[in-house]
Amino acid sequence: MDIQTSSRTELIDITDRVRALVKESGIKDGICVITTRHTTGGIIVNENERGLRADILDLLEALVPENKKYAHNSIDDNADAHLRAVLLGMSETIPVEDGHLVLGTWQSIFFVELDGPRNRTVHVKIIKA
Ligand code: ZN
């Protein structure tokens, strides 16, 4: 799926789009693997609540400050985005049962933009069990 991000850092909830792909696949039991090929973005599962979304970005800033001296910044000035992506990871794997993603009530799937705004791609693979 294609995603147009609008800020340097932001969380984009892609749960509904992933659910639609699961439904479209017709697969009742299996696994859904959500990945991104970008090195400055991540895939996570957590609650979609405005304050928490801000807290997650604040956590990333606290752990990996944007304005610090990094070796990679001599190349393209986005080392913080790569390092934050390392912490988040590039995939999530979610079971599919009875045609539905096995997610808790408060769990949403996010693409996390770390060096936007950009056009991004998320790959969703649904495998029959
Ligand atoms: Zn870079």
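## Surface, fold and a zinc site

The protein chain exposes about 7,600 Å², and carbon and sulfur atoms supply 51% of that area. The model is a predicted one.

Visitor: Why is Asn-78 called buried?
Guide: Buried means under 20% relative accessible area. Asn-78 has 4%, so the word fits.

Visitor: And why is His-72 called partly exposed?
Guide: The label covers values between the buried limit of 20% and the exposed limit of 50%. His-72 has a relative accessible area of 28%, so it belongs there.

Visitor: What makes these residues donors of the zinc ion?
Guide: A donor is an N, O or S atom within 2.8 Å of the metal. Here the protein donors lie 2.0 to 2.6 Å from the zinc ion: NE2 of His-72, OD atoms of Asp-76 (listed twice), OD1 of Asn-78 and NE2 of His-82. In sequence, the donor residues follow the spacing H-x3-D-x1-N-x3-H.

Visitor: How do you know that the radius of gyration agrees with a compact globule?
Guide: For 129 residues, such a globule would have a value near 14 Å; the protein chain has 16 Å, which agrees. The C-alpha trace spans about 50 × 30 × 20 Å along its principal axes, and buried residues make up 41% of the chain.

Visitor: Which elements build the chain, and in what order?
Guide: There are four helices and eight strands. From the N terminus on, they run β-β-α-β-β-α-α-α-β-β-β-β. Among contacts between residues at least 6 apart in sequence, 80% join residues at least 24 apart.

Note on methods
Residues numbered from 1 in each chain as written. Predicted model: local features only at pLDDT ≥ 70, side-chain atom pairs only at ≥ 80, totals over all residues. Heavy atoms only, no water. Donors = N, O, S within 2.8 Å, 3.2 Å for Na, K, Ca; no water. Buried < 20%, exposed > 50% of the residue type's maximum accessible area, 1.4 Å probe, protein only. Helix = DSSP H or I, 4+ residues; strand = E, 2+ residues; numbered from the N terminus. Rg over C-alpha atoms; globule rule 2.2 N^0.38 Å. Contact = heavy atoms within 4.5 Å. Areas by Shrake-Rupley, 256 points an atom, 1.4 Å probe, with all protein chains shown as cover.
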